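Trainee: Could you take me through a close look at one part of this model? I'd like to go residue by residue.

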Amino acid sequence: MVTKIIDLNKETVTTEFKVTEDCIFVKDNKFTESGIIENAAQSCSAIVGQDFFAADDLEGEGNSVIGFISGIKRANIFLLPRTGDTLTTKAKLLSNYSSGNFSICTMECKIYTAKELVADCILNFLIQEV
């Protein structure tokens, strides 16, 4: 649920996602709540996930990384975007514990359309190299 990474560093990420009719999370021309959370999760995972790839390995060849939401601390969804809307998602790392081939972290995320705040949430993640 990420079309493009706009900005990425060790603590923050900004992504874009264009909501299309063929998206699995679109129902009645609206992007569903589960799609909004998935967009947040995929955006957030870019922050910690980048540590599992070498700086010169932009394609991620040879790396297998899985990540999943281990908890939702807060999720406020204010509106459901429509097909054709482009979401801008801004996330920041709040805490991170890394050990070897896995990382446990907490991130805050805000999702916007061009005009309005769509959602804000705090999510816990587990990301592991397999």
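Is Asp-28 buried or exposed? And what else can you tell me about that loop, and about Asn-124?

Mentor: Sure, and keep in mind that this is a predicted model. Asp-28 is exposed, because its relative accessible area is 65% and the cut-off for exposed is over 50%. You'll find Asp-28 in the loop that runs between β3 (26-27) and β4 (30-31). Check its backbone too: phi of Asp-28 is near 55°, which is positive even though the residue is not a glycine.

Now go to Asn-29, which is also found in the loop between β3 and β4. Asn-29 has a positive phi as well, about 65°, and again we're not dealing with a glycine. For accessibility, Asn-29 comes out at a relative accessible area of 38%, so it counts as partly exposed, since that label covers what falls between the 20% and 50% cut-offs.

On to Asn-124. Its place is in strand β8, which covers residues 117-129. If you want to relate it to β4 (30-31), take Phe-31: the C-alpha atoms of Asn-124 and Phe-31 are separated by 22 Å, with their positions 93 residues apart along the chain. Leaving aside residues up to four places away in sequence, Asn-124 touches Phe-68, Ile-69, Ser-70, Gly-71 and Lys-73, and also Cys-105 and Thr-106. With Thr-106 there's a further detail: the side chains of Asn-124 and Thr-106 are joined by a polar contact of 2.7 Å.

Technical notes. Residues are numbered from 1 along each chain as its sequence is written. This is a predicted model: local features need pLDDT of at least 70, side-chain atom pairs count only at pLDDT 80 or more; totals for chains, interfaces and linings use all residues. Side-chain values use heavy atoms; hydrogens and water are left out. Helices (H or I, at least four residues) and strands (E, at least two) are DSSP runs, numbered from the N terminus. Contact means heavy atoms within 4.5 Å. A polar contact is a pair of N or O atoms within 3.5 Å; within protein, one must be able to donate a hydrogen and the other to accept it, and residues adjacent in sequence count only if both atoms are side-chain atoms. Buried means under 20% relative accessible area, exposed over 50%, partly exposed in between (1.4 Å probe, protein chains only).
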